[in-house]
Each structure stands twice: as structure tokens, then as C-alpha cells.
Amino acid sequence: MADTALMPIPGAVDPVPVAREVTPRADGKIDVLGLSRARITELFAEAGLDAKAAKLRAKQVFHWLYHRGVTEFEAMTDIAKTMRPWLAERFVVGRPEVIEAQHSTDGTRKWLLRTADGHDFEMVFIPDADRGTLCVSSQVGCTLNCRFCHTGTMKLVRNLTPGEIVGQVMLARDALGEWPRGSMAGLDADEDAGHYSSDGRLLTNIVMMGMGEPLYNFDNVRDALKLVMDGEGLALSKRRITLSTSGVVPMMDRCGEEIGVNLAVSLHAVTKDVRDEIVPLNKKYGIEELLSACAAYPGASNARRITFEYVMLKDKNDSDDDARELVRLLKQYRLPAKVNLIPFNPWPGATYECSTPERVKRFSEIVFEHGISAPVRTPRGRDIDAACGQLKTAAEKKSRAERDREAAAAG
Ligand code: SAH
Ligand code: SF4
């Protein structure tokens, strides 16, 4: 990125490089993907349209972008024919570049994507009988180094922009062929109504569980999810979106207030020692602080419970006592909670093993016996390294291999 600033995070968390909101391209055109309607209006006005025309054109373009998936101004048929080349000379509608698309034997799909300035990141689509979930990345790499997570071994390159985040959803809809077809003039009222029905759709849910810690890129994640939830935008309900955090306590309240999506918390351990080891952020924001922030999470209720993710690591966090302590903590903080047990997904060089299936089953039963739902998440896409915690881009893998070779040669 030509120009990055450091994003301050309350609580003196390590600052993270932030890309500029409007990334200038080599050809001087501006990419409008990821910008709000208000910002597009401003840019159209700056380019010379009068206030009224700028507002109208921005509304039209926005609709074509997010409701129809159109990337060419020429295809925007309700915009005057002479206006379309004017727009195309100054603006573009971008998408992250697809470097590689992989298909798992279980139907899971993984895409390796590249930003305009050459950084690679991944997104995963997980189809199920009753839903289709897109797992979206928020950063290239992650600063947090959870010990069981492959992404955590990458050094952070930078935060993704709103355009790169919402661009993942747009790309997935492109790939799944889910945009309404036909010219806008010929659309029936229902198809063109602002709402997005999940009926019959492949992509019904979004989880911010790809690469990176979304609450370390709060503004961009919020702005991108606003476009996803906007009735004139992608119009996906906030109830179908879940944001997972490793526990960035100072940002959790704002997440509930300003985004309002479902919350998932990567708890993974119930004692300070173990959580300090496997989720090092725990040294900054401990379990009590984290669970208090969960208890205060705006919008959480019995109808909208908080998901507690718990990765099952053999002989580390998987005993009967751990399960009972988990129940005790969730009850002590009166949390509307469900627990999601994630069998550890291995990756080259990982120092942990997955708990045995019997252990996972027993752990789940103990939590369940106390009235808290604790399903075991079925690993998906393991054969293409698309399962939880396996995301790490090839470029990074290669550079690591190269580093190793260099080290060997030097040593
Ligand atoms: N950074 C955020 C969201 C991305 S990770 C977070 O940590 O919550 C999505 C989930 O996968 C988290 O719960 C994470 O802890 C879990 N995970 C990471 N590595 C894993 C692995 N190797 N096996 C299973 N789950 C893993
Ligand atoms: Fe980052 Fe989440 Fe992986 Fe931890 S589990 S290193 S916070 S992506």
C-alpha cells in the first residue's frame, strides 16, 4: 500500500496498518466498490456533476453494484447513454483478483484472492443442506498468534479495505451465479425490491471467521458489513451475519452498537494459564473481563445467543473438569450462550493434536447436560486446507519455505 496510517485501538493494542479509503489506481480511476452512497455522491460531485445529478447517479450506480452485481457502467441501462462513458473514464467497479479457486470433495470451495497492491488472502464457501455460509477474511494475516492457528503464524501485512471485504461477498455471488438476471427495466417488482430473500439462495449466511481479527480492523469491517446489510445494498439480515473475535474487549460494545451482528467469541480455555498460552491476547484481556463484555453485548438475548468457540486440543483444554468449569463460567455471567466445539484442524508444524472423538463427545455431553447446547462442528474442506485455522496463503508459505532454505544454507 502506497500510503498507510496506523489505526489506534483503545487499550493500547498493537496498531495495525490501514489502507487508504480510496486507493488510487495506476490509471487514475477510482474504484467505487466498498464506498458508501454518500461517498460515491461526493466523488461524482467532485468529478463535476451538480449536486442533484450526483445524488441520482450515485443511487443508480449503488443499486446496480450491490443489487445486480454489475461491474460495467455500460450495462447500467437506466443511466443516460452519454453519461455511461463519462463514468467509465473516471471510475471502475472492482473485484479482488482470483488467483486460484479450489473445490473440496465435500463441496467446500476456497478462493485465493489478491489485492490490487499484491497481497494474498483467502475466502471459503461452505454449502450445507439448509444454508450456505461464506467465511470472509478481514486482514491479510493476523497479529495475534494464537498457538493453534495457522493464520496466526503469518505476519500481518495489512487490514483489508471495505471494498476488499465486501468484494469477497460480491465475488462469491458472481461465482455462485446469484445476481438477478435481465435488464432492470424488465424486472418484476419482487425481484427488484430492496430486500434479499434467502429462499433458494446458495449464499445465505456470512461469518467473519476467515483470516485476521475483525475487531482489529473495526472501521473497515463495519463499513463493509453496512453495505452487506443495507436494504439497497446486498440486503442480508444482520441475523445471518456472525463476527468472531478472539476477545478484543474494548471493541466489543461498539461491535454490538454500530454493527449489530451476532457475536462469536473464541474462548478455547477456561483457566488463565491455558488461555494465556493458546490465545496470547488473554494476557491483555483476561477471561473475566471478556465474559463481562459478553454479558453486556448489545443485542444478545436468549433468541440471539453468543456463540463460544472452543477448539478441542488433546490433553490441553479437553478434560471433564474443563467442561464443568466452562458451564460454571457461562452460568456465573448469566450468558445467553451456545458452545461450538471445533475439532482442532492440523497444519504443518502445529504443536497440538486434536482430542479423541470420544473425548469431544464426552465434553459435549457434560455441557449439554447442564442445559447449554454444545454441538461439535464438522470440519469442512480439510483436503484443501479450508477448515478453521488452516488458512494461510501460498505466497506466505513459499516465503517461509524460502526463509527456511536460506537459513539452512546459511547455517
Ligand atoms: N480471528 C477471529 C476469527 C477467525 S478464526 C477469531 O480468532 O475468533 C475462526 C475460528 O477458528 C476461531 O474460533 C479460531 O480460534 C478457530 N481456529 C483457529 N485455528 C484453528 C484450528 N487449527 N483448528 C480449529 N479451529 C481453529
Ligand atoms: Fe488471529 Fe483468530 Fe487465528 Fe487467533 S485464531 S491467530 S485471532 S485468526
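**Notes on the predicted model: salt bridges, Gln60 and two ligands**

1. Glu89 has a relative accessible area of 54%, so Glu89 counts as exposed. Bear in mind that this is a predicted model. Glu89 pairs with Arg90 in a salt bridge, with 3.6 Å between the closest N and O atoms. Arg90 comes in at 29% relative accessibility, so Arg90 is classed as partly exposed.

2. Glu369 and Arg362 make another salt bridge through their side chains, at 3.6 Å from N to O. Glu369 is exposed because its relative accessibility is 54%. Its partner Arg362 sits at 28%, hence partly exposed.

3. Now for Glu258 and Arg222: how far apart are the closest N and O atoms of this salt bridge? They are 2.7 Å apart. This pair ties together distant parts of the chain, with Glu258 in helix 7 (residues 249-259) and Arg222 in helix 6 (residues 218-229), 36 residues apart. Is Arg222 buried or exposed? Arg222 is buried, because its relative accessibility is 14% and the cut-off for buried is under 20%. Glu258, on the other hand, reaches 27%, so Glu258 is partly exposed.

4. The salt-bridge count comes to 26. Have a look at the network while you are there: Asp219, Arg222, Asp223, Arg254 and Glu258 are joined into one through salt bridges that share partners. If you are assigning protonation states, that group is listed here for reference.

5. Gln60 belongs to helix 2, which runs over residues 51-68. Its relative accessibility is 12%, so Gln60 counts as buried. What does its side chain find there? A polar atom of that side chain lies 3.3 Å from the backbone oxygen of Asp78. Leaving aside residues up to four places away in sequence, Gln60 touches Asp78 and Ile79.

6. On to ligand 1, which has 21 residues around it. The closest are Phe148, Ser244, Ser266, His268 and Asn345. By class, its shell holds 10 nonpolar, 9 polar and 2 charged residues. Three strands each give at least two residues to this shell, namely strand 12 (241-245), strand 14 (306-312) and strand 15 (337-343).

7. Which atoms does ligand 1 meet in its polar contacts? An oxygen atom of ligand 1 lies 2.6 Å from an N or O atom of the Ser244 side chain. A nitrogen atom of ligand 1 is 2.9 Å from a polar backbone atom of Asn345, and a ligand nitrogen is 3.3 Å from a backbone N or O atom of Cys388. Taken alone, ligand 1 would expose 540 Å², and the protein buries 95% of that.

8. Ligand 2 is surrounded by Cys142, Leu144, Asn145, Cys146, Cys149, Gly152, Gly212 and Ser246. How does that shell split by class? There are 4 nonpolar and 4 polar residues, with no charged ones.

9. Lastly, the chain as a whole. It has 12 helices and 15 strands. Of its 411 residues, 53% count as buried. Among contacts with a separation of 6 or more, 67% come from residues 24 or more positions apart. The exposed area of the chain is about 18000 Å², and carbon and sulfur atoms supply 51% of it.

Technical notes
Residues are numbered from 1 along each chain as its sequence is written. Chains are lettered from A and ligands numbered from 1 in the order in which they are written. This is a predicted model: local features need pLDDT of at least 70, side-chain atom pairs count only at pLDDT 80 or more; totals for chains, interfaces and linings use all residues. Side-chain values use heavy atoms; hydrogens and water are left out. A residue is near a molecule or strand if one of its heavy atoms lies within 4 Å of it. A polar contact is a pair of N or O atoms within 3.5 Å; within protein, one must be able to donate a hydrogen and the other to accept it, and residues adjacent in sequence count only if both atoms are side-chain atoms. Accessible areas come from the Shrake-Rupley method with a 1.4 Å probe; for residues, only the protein chains shown count as cover. Helices (H or I, at least four residues) and strands (E, at least two) are DSSP runs, numbered from the N terminus. Ala, Val, Leu, Ile, Met, Phe, Trp, Tyr, Cys and Pro count as nonpolar, Asp, Glu, Lys and Arg as charged, and the others, Gly among them, as polar. Buried means under 20% relative accessible area, exposed over 50%, partly exposed in between (1.4 Å probe, protein chains only). Contact means heavy atoms within 4.5 Å. A salt bridge is a side-chain nitrogen of Lys or Arg within 4 Å of a carboxyl oxygen of Asp or Glu.
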